[in-house]
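Hi everyone, thanks for coming. Please have a look at the model on the screen, and I'll walk you through it.

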Amino acid sequence: MVSPTVNVARYSALFAGVFYGFYHRRTLQAAHNEHKVQHAAHDREHLIAEAKEAWKNKQVAAKPSDDVITDPEDPRFDLEKLIAKWEKAA
């Protein structure tokens, strides 16, 4: 038979191992959850940056290429460019 001292040591080691495993799993799970949150935030930032870039490209593509100013009060107004634009359109 095994002495009571050996049994106490054996079960103490068993319970200590179970407790350590439980504690270690909780710390690993907390670190994993934090990593998932950071990864999701990074993904959101990446998607927002892509959307901003796509919107900027869409705005540049929709903008007319000749940029003729038709307001005579504007200091950048050029009558010759406006007339050339009208001639192209006609």
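Let's begin at D67, which is partly exposed, because its relative accessibility of 45% falls between the 20% and 50% cut-offs. Please keep in mind that we are looking at a predicted model. You'll find D67 in the loop between α1 and α2. Try tracing from D67 to K81: you go 14 residues along the sequence, yet their C-alpha atoms are 9.4 Å apart in space.

Now move to helix α2, which covers residues 79-89 and holds L82. Is L82 buried or exposed? L82 is buried, because its relative accessible area is 4% and the limit for buried is under 20%. There's a distance to try here as well: from L82 to D71 you count 11 residues along the chain, and the C-alpha atoms are separated by 9.9 Å.

Let's swing over to the other helix. Helix α1 takes in residues 4-62, and A41 is found there. A41 has a relative accessible area of 24%, so we call it partly exposed. If you step from A41 to A54, you pass along 13 residues of sequence and end up 20 Å away, C-alpha to C-alpha.

F15 is also in helix α1. With 56% relative accessibility, F15 counts as exposed, because the cut-off for that is over 50%. F15 has partners, too: together with Y11, L14 and V18 it forms a nonpolar patch on the surface. The accessible area of those four residues together is about 440 Å².

On to charges. How many salt bridges does a search of the whole structure find? The search turns up one. D74 and R76 make that contact through their side chains, at 3.4 Å from N to O. R76 itself counts as exposed, because its relative accessibility is 62%, over the 50% mark. Looking at the chain as a whole, there are 13 positive and 13 negative side chains. The centres of those two sets lie 19 Å apart.

Finally, let's zoom out. The chain has two helices and zero strands. Its C-alpha atoms fill a box of roughly 110 × 25 × 10 Å along the principal axes. What is the radius of gyration of the chain? It is 36 Å, whereas a compact globule of 90 residues would come out near 12 Å.

What about burial across the chain? Of the 90 residues, 4% count as buried, and L82, where we stopped earlier, is one of the buried residues. The accessible surface adds up to about 8,500 Å², with 62% of that belonging to carbon and sulfur atoms.

If you'd like to explore on your own, start with the loop between α1 and α2, where D67 sits, and then look for the patch that includes F15. Thanks for listening!

Technical notes. Residues are numbered from 1 along each chain as its sequence is written. This is a predicted model: local features need pLDDT of at least 70, side-chain atom pairs count only at pLDDT 80 or more; totals for chains, interfaces and linings use all residues. Side-chain values use heavy atoms; hydrogens and water are left out. Helices (H or I, at least four residues) and strands (E, at least two) are DSSP runs, numbered from the N terminus. Buried means under 20% relative accessible area, exposed over 50%, partly exposed in between (1.4 Å probe, protein chains only). Patches are made of residues with over 30% relative accessible area and no salt bridge: like charges are joined within 9 Å, nonpolar side chains (Val, Leu, Ile, Met, Phe, Trp, Tyr) within 5 Å. Accessible areas come from the Shrake-Rupley method with a 1.4 Å probe; for residues, only the protein chains shown count as cover. The radius of gyration is taken over C-alpha atoms; the globule rule is 2.2 Å times the number of residues to the power 0.38. Lys and Arg count as positive and Asp and Glu as negative; His and the chain ends are not counted. The place of a charge is taken as NZ of Lys, CZ of Arg, CG of Asp or CD of Glu.
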